[in-house]
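This briefing is for a reader who is new to the structure shown below. It goes through a few topics in turn, with bullet points under each.

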Amino acid sequence: MTYTAPTQDQLLAIRVNAGIEELAQSERFAAAEPDMVEAIVEGIGQFAAGEWAPLNRAGDLEGAKLENGVVRLPDGFAQAYEHYVEQGWNAISGPVEFGGQGLPFTLSCNVLENLGTANMAFNLLPMLSVGAIEALEHHGSREMQEKYLPRLVSGEWSGTMNLTEPQAGSDVGALRTTATPIEDGEHAGKYLIKGQKIYITWGEHELSKNIIHLVLARLPDAPEGSRGISLFIVPKYHVKPDGSLGPRNDLRCVSLEHKLGIHASPTCVMSYGDNDECVGELVGAENRGLAAMFTMMNNARINVGNQGVQIGERATQQALDYARDRIQSARAGSPDRAPVAIVEHPDVRRMLLRMKALTEGARALLYYTAGQVDRGVLGDEAAKARGEVLTPLIKAWGTDIGIEVASLGVQVHGGMGFVEETGAAQHWRDSRIAPIYEGTNGIQAADLVTRKLGMDDGQAVIGLTEDIARDCADEPDLFALAGDCATVARWMREEASLDDRLSGSVPFCTMLAVAVAAWQLVRQARAIEAGASPSLAATKKATVRFFLDRIVPEAAGLKGSATAGSIGLYELETAQLLG
């Protein structure tokens, strides 16, 4: 279960799909010169393969354990995280004034891609810290930023998101955690936090010196629902005025969830204020916590889509290795009846090429999305809107293909894939969480057909399909798929009820994501024809062709489902459906 970083394919996606050279022409991202980009991509690939990948299996088998209130990780995790911080990988895209390198989000995505492909469960730790930095950078006071950001940016401290409660899953407006103003004493002006949160990723551990929890809670007399939610910083250890750590805050990990996968990631039930002494600080305005938290969540959704790429790459590499070494039967139709490696059999080759094409397509979509986000940071409003449309696509389709590719990896292994010792099953188990957290894929699709389809009077989505059709008129299947996507979008806007749109949202999301991914793969193929990445010339041509000839037509077949409407879903009364 070794990992070799796909450096050349990553560099191709960063150059062609993200457009890193154009980004480097701006003053803000001027440091992202070609030599710097190559050094980062090659360096993080080597680090991830050398230090994080070897811990992946032990993390799965041993997992995180809660012992007397302390979360323990398998041997090697603490040292690997320490080296990660020492080498500055956490600071790649962090704000310069707080110790970051200020490089594009695109390069931060590459750091996370390599780390997550090496060890998905471990990578959740820095991934959430990146989100906490985003939230504080955009919504925290200057004093708060100076107090917390330097050590969050360096990775010396880590961050978490605390939304979900036992009675409040996707409906965060139902949360009950409270925040009561403190009027006297050393913490006057702050708040007493009280409540319980569940599914808190890396909510307790000893790898970082402090954990900065971002917690959603309600102030007294706050409005009902999501309009009455505020955001608070709740540190594991109080921070003194000089920046040193004070006593522990009144918070604790009650238990760890027993999960299907990502065993090395401690998923915590967190209790705040058992002794009525948990102190938090308000981030941003009162009752505006959800807006602040969504700043953190939007890029986190892209990073979760990245996890689909990660698990797809790792599963593909392992399946290719197994298919090369496993000897089984003669190839059908061959006059030579000697047994061959299973990679020679047509259906195994189909599975391997599908795994490779889906993973590379998701990677192309990932970096196209990241590049649009970076342009939005530079003030390009059209790119910002395009990035918002792309976010549910990479989150939903990216994680869906992560599961599909990992499942195909098990299938390539045959019976050995169903046996835990090979490790193929771990990739599938790890992959299964990604379509659930940071907003389920159904929620992503719903966002696409409601808010995103409403942007710019529908042109934000339809304009994307027009760009694809304009650029890919020489690819008839893709050209037709782009047209189908535009037809569905117009039907949803002009004729469909809300229930109709929601009923067709998932197939439409898949159609549009495949269309964009295919478009970005075509751009890669054209760049290679023009002389880019000569080492990929043969393999990229084959995977792009596979995607266009096999995956694009499959997506076109979803048009009927996308426009079938909601009537068929409600022909049965609820009691009839439930039996």
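**Cysteines**

Cys253 has a relative accessibility of 5%, so this residue counts as buried. The structure is a predicted model. The topics that follow are cysteines, nonpolar cores, salt bridges and backbone angles.

- The number of disulfides comes to zero, with a disulfide taken as two cysteine sulfur atoms within 2.5 Å.
- Cys253 takes part in no disulfide; the nearest cysteine sulfur belongs to Cys268 and is 3.7 Å away.
- Cys109 is in no disulfide either, and the nearest cysteine sulfur, that of Cys509, lies 18 Å away.
- Cys109 counts as buried because its relative accessibility is 0%.

**Nonpolar cores**

- The largest nonpolar core consists of 143 residues.
- Within this core, the residues with the most contacts are Phe122, Trp397, Phe508 and Phe547.
- Leaving aside residues up to four places away in sequence, Phe547 touches Ala357, Leu358, Gly361, Trp397, Val514, Ala517, Ala518, Leu521 and Val552.
- A second core, separate from the largest, has 32 residues, including Ala135, Tyr148, Leu175 and Val239.

**Salt bridges**

- Across the whole structure, a search finds 41 salt bridges.
- One of them joins Arg15 and Glu38, whose closest N and O atoms are 2.8 Å apart.
- This pair links distant parts of the chain: Arg15 belongs to helix H1 (residues 7–16) and Glu38 to helix H3 (residues 34–52), with their positions 23 residues apart in the numbering.
- Arg15 counts as partly exposed because its relative accessibility is 29%, and Glu38 is partly exposed too, with a relative accessible area of 30%.
- Arg526 forms a salt bridge with Asp471, and the closest N and O atoms are 3.1 Å apart.
- Arg526 is in helix H17 (residues 505–529) and Asp471 is in helix H14 (residues 459–471), so this salt bridge ties together parts that are 55 residues apart in sequence.
- Arg526 has 29% relative accessibility and therefore counts as partly exposed, while Asp471 is partly exposed with a relative accessible area of 31%.
- Glu420 and Arg429 meet through their side chains in a salt bridge, at 3.1 Å from N to O.
- In this pair, Glu420 is partly exposed, with a relative accessible area of 34%, whereas Arg429 counts as buried at 11% relative accessibility.
- A network of salt bridges links Asp9, Glu113, Glu313, Lys356, Glu360, Arg363 and Lys540.

**Positive phi angles**

- Asn68 is a residue other than glycine with a positive phi, near 55°.
- The position of Asn68 is in the loop between strand E1 (65–67) and strand E2 (70–72).
- With 82% relative accessibility, Asn68 counts as exposed.
- Ser533, also a residue other than glycine, has a positive phi near 45°.
- Ser533 sits in the loop between H17 and helix H18 (537–556).
- Ser533 is buried, because its relative accessible area is 9% and buried means under 20%.

Terms used:
Residues are numbered from 1 along each chain as its sequence is written. This is a predicted model: local features need pLDDT of at least 70, side-chain atom pairs count only at pLDDT 80 or more; totals for chains, interfaces and linings use all residues. Side-chain values use heavy atoms; hydrogens and water are left out. Buried means under 20% relative accessible area, exposed over 50%, partly exposed in between (1.4 Å probe, protein chains only). A nonpolar core is a set of buried Ala, Val, Leu, Ile, Met, Phe, Trp, Tyr and Cys residues joined through side-chain atoms within 4.5 Å. Contact means heavy atoms within 4.5 Å. A salt bridge is a side-chain nitrogen of Lys or Arg within 4 Å of a carboxyl oxygen of Asp or Glu. Helices (H or I, at least four residues) and strands (E, at least two) are DSSP runs, numbered from the N terminus.
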